[in-house]
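Hi there,

Here is the structure I promised to pass on to you. Have a look at it first, and then read my notes below.

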Amino acid sequence: MTQKTKDIAIANKMWMEERLEPWLLDNPERNSEFLTKSGLPVKALYTPEDLGRDPEQYLNEINFPGQFPFVRGVDPSMYRSNIWVMGMYSGFGSAEEANKRYRFLLEQGQTGFSIALDLPTQVGYDSDYELSEGEVGKVGVAIDSLEDMERLFEGVNFEKVRQIRTTANGIGPLMVALLVAYAEKQGIDPNNIKIFLQNDVLKEYIGRGTYIYPPEPSVKLSADVIEYCSKHLPNWVPIAFSGYHIRDSGSTAIQELAYSLSNAIAYIDETLSRGVEIDDFAPKVFTFLASSVDFLEEVAKFRAARRIWAKLMKEKYGAKNPDSMRYRIFAYTLGGALTAQQPLNNIVRVTIETMAAALGGVQTVATSSFDEALGLPTEQAVTVALRTQQIVAEESGVTNTIDALGGSYAIECLTDKIEEEVMKELERIDQLGGAVACIENGIFQKELAESAYRYQKNIESGKETLVGVNKYKVEEDLDTPVFEVNEEMEKRQIERLKELKASRNEEKVKEALQRIKEAEERRENVIPAMIEAVKVYASVGEISDVLRDIYGIYQDSAKF
Amino acid sequence: MKRPLRVVVAKIGLDGHDRGAKVIAAGFRDAGFEVIYTGIRQTPKKVAAIANQEDADVIAVSILSGAHNKLCGKLMELLKEQQADDIVCLVGGIIPNRDIEYLKSIGYAGVFTPGSELGDIVNFVKEKTKDRNQEYSL
């Protein structure tokens, strides 16, 4: 400790004893303890003492933006050069509707869009399967075969498209095959279409539920995508390690980072075991995280995530390319933080979440609509969500300096604390056998259910405030819009599938499916065989059935 | 001898968001019920079979996909067929008022929307089952 920090420590102690404590006798604190949403204690005041490091360590632990460990940002100028990418997520029922929307967006000068898939497609079932009934085209488009991709992209000028995001996870490799087959049939180089894949199945067992096979083969299939992209599609984002869905299922910020990073480690280890080098794919990956209303904790979380990743790449995996160490973040404002009660309040919540993402230095932000908790967002609500980002970006001024909160005693201390807690969690998960073992044994699921339950109890007891829900309530009529199920669309989709199956070359389909089976049984990369099957119009359900026959359908332990 | 009330918490359909279902399951457990959680992706047929097998007193269905009328309707038909419609049935999810009326008219005792409290749900079930021979173990 230098003389200067000693002086500060003495002065701090004097301030507490002589000023603060007498003051508190007449002005007691509002709570007996102050905690972040993850349960980390928040001190009354942070001082240089809390930084816990000498200024000399600045270069190792914080450093300048664009330099290891990238705490202050992944590039040297951040938003002074380019504002984050503003993304919005929305689902459209039929391929025709989605196609119309894509063409409209491109005409308006937008350069990217997302392909939202319906639930049967996400879990590898055709539209005519028993469990698909009532779900076809509901939360996104139904893709049964390459024919639906052709309908989806008809007339879309790929020269103008910079980014297409997909939510394919359980069917990750199959989505790659559909996109590659489509591009090749159209005479386009698939690598020229910039695809942003999610392809993170492990988080599906923890949070969102669209897994198909058991965790172990799922890791193999995700790694097939990473390996294939590193060799043939270097422009694509092969995977987005997703903490968002874990968070939205009730986790704390610390669990969000720890679980998603331990999932990342599982995919990386599998990919490396095939002889692919870390620097061949790490520069391309993204992470998909939530931005929630606990402002200080969220800012610190984004900063800590970058440092943890950078160290992981350099120290654990021996990455040489600095791009492998830059953790690029896609932040989505947390849907679970929004309330059905007094829905306009959600605009304020989303604003705080957007500020946290901006001051956390993320690369893409997607904002939720204030009426989301009531069902499908209206056009007005979607516009407000986009305007929120534009106001933060262009009016608030927080984009004019890099990492504006960096150096704040509180933020630096929280950043260190979150890193420390996440590293402890990663260590524990490693000792339990890693992410796959934790999922197979239901450990993550149970811990998450406990966090969600604890949160609910805290809301009901008033330990945590949720404005409009457990405090400042008003009488209001909370009717939600009626969702009209388009049964015509489901029927039409099923008829088309029937016609397709009647008109294609069955012999070729059978052969192609057999080749997928052989490749998978030899544990080869299954994507080339899938591309061939997709090209002869084998269906999503048929291709997934081949793998289901080999691996079975996963049954979760359903712990709570 | 009395036994604890048995509740089957069920997710029907392909929607995999089970945070709410698990929170409700834990809430019933802590209130002294015996809880069977089916896990995600069940059919009405499967849930009816589980309820039968477990001799359930209560079924709490969680649906967030919007397919509640269709799937809950099917479940109720099956329960009536197996003469198990004395089971107290609940639905939880994002459900418009019009559908709440419909679900109640076909036999669902209670429909709970976002913001509902665990305590209220548990008390509702206790009230509906107070004349039964079963009880909560707490």
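**Salt bridges, starting in chain B**

In chain B, the side chains of Asp57(B) and Arg3(B) form a salt bridge, with 3.1 Å from N to O. Asp57(B) sits in the loop between helix 2 (44-53) and strand 3 (58-62), while Arg3(B) is in the segment before strand 1 (6-11), so this pair ties together parts that are 54 residues apart in sequence. Asp57(B) has a relative accessible area of 4%, so it counts as buried. Before you go further, please keep in mind that this is a predicted model.

Chain B has another such pair for you to look up: Asp15(B) and Lys11(B), whose side chains meet in a salt bridge at 2.8 Å, N to O. Are these two buried or exposed? Asp15(B) is buried, at 5% relative accessible area, and Lys11(B) is buried too, at 0%.

Moving to chain A, salt bridges with shared partners join Lys220(A), Asp224(A), Glu227(A), Lys231(A), Glu270(A), Arg274(A) and Glu520(A) into one network.

Chain A also has a salt bridge between the side chains of Arg307(A) and Glu61(A), at 3.9 Å from N to O. This one links distant parts of the chain: Arg307(A) belongs to helix 12 and Glu61(A) to helix 2 (residues 58-61), and their positions lie 246 residues apart in the count. Arg307(A) is buried, with 0% relative accessibility. Glu61(A) has a relative accessible area of 18%, and because buried means under 20%, Glu61(A) is classed as buried as well.

How many salt bridges are there over all chains? The count comes to 54. As a general reminder, side chains of opposite charge can pair when their charged atoms come close.

**A pocket in the model**

Next, have a look at the second largest pocket, which has a volume of about 1,600 Å³. It is lined by 47 residues, and the closest to its centre are Leu35(A), Thr36(A), Lys37(A), Asp294(A) and Glu464(A). Several helices of chain A give two or more residues to this lining: helix 10 (253-272), helix 12 (295-316), helix 14 (345-359), helix 16 (409-431) and helix 18 (443-461). Which of them gives the largest share? That is helix 18 of chain A, with five residues. Sorted by class, the lining of the second largest pocket has 17 nonpolar, 15 polar and 15 charged residues.

**On the surface**

Trp15(A), Met16(A) and Leu45(A) make up a nonpolar surface patch of about 260 Å². One of these residues, Met16(A), is part of helix 1 (residues 3-26) of chain A. Met16(A) is partly exposed, because its relative accessible area is 37% and that class runs between 20% and 50%.

**Two buried residues to find**

Ala181(A) is in helix 6 (residues 172-186) of chain A, and with a relative accessible area of 0% it is buried. Its distance to Glu518(A) is 20 Å, C-alpha to C-alpha, and the two are 337 residues apart in sequence.

In chain B, try Pro96(B), which lies in the loop between strand 4 (88-92) and helix 4 (97-105). Pro96(B) counts as buried, at 3% relative accessibility. Between the C-alpha atoms of Pro96(B) and Ile63(B) there are 13 Å, and the two residues are 33 residues apart along the chain.

Cheers

How values were computed: Residues numbered from 1 in each chain as written. Chains lettered and ligands numbered in written order. Predicted model: local features only at pLDDT ≥ 70, side-chain atom pairs only at ≥ 80, totals over all residues. Heavy atoms only, no water. Patch = residues over 30% accessible without salt bridge, like charges linked within 9 Å, V, L, I, M, F, W, Y side chains within 5 Å. Areas by Shrake-Rupley, 256 points an atom, 1.4 Å probe, with all protein chains shown as cover. Salt bridge = Lys/Arg side-chain N within 4 Å of Asp/Glu carboxyl O. Helix = DSSP H or I, 4+ residues; strand = E, 2+ residues; numbered from the N terminus. Buried < 20%, exposed > 50% of the residue type's maximum accessible area, 1.4 Å probe, protein only. 1 Å grid on protein atoms, 1.4 Å probe; cavity = no way out; pocket = protein on both sides within 12 Å on 5 of 7 lines; lining within 4 Å. Points joined across faces, edges and corners; volume = space filled by probe spheres on them. Nonpolar A, V, L, I, M, F, W, Y, C, P; charged D, E, K, R; others polar.
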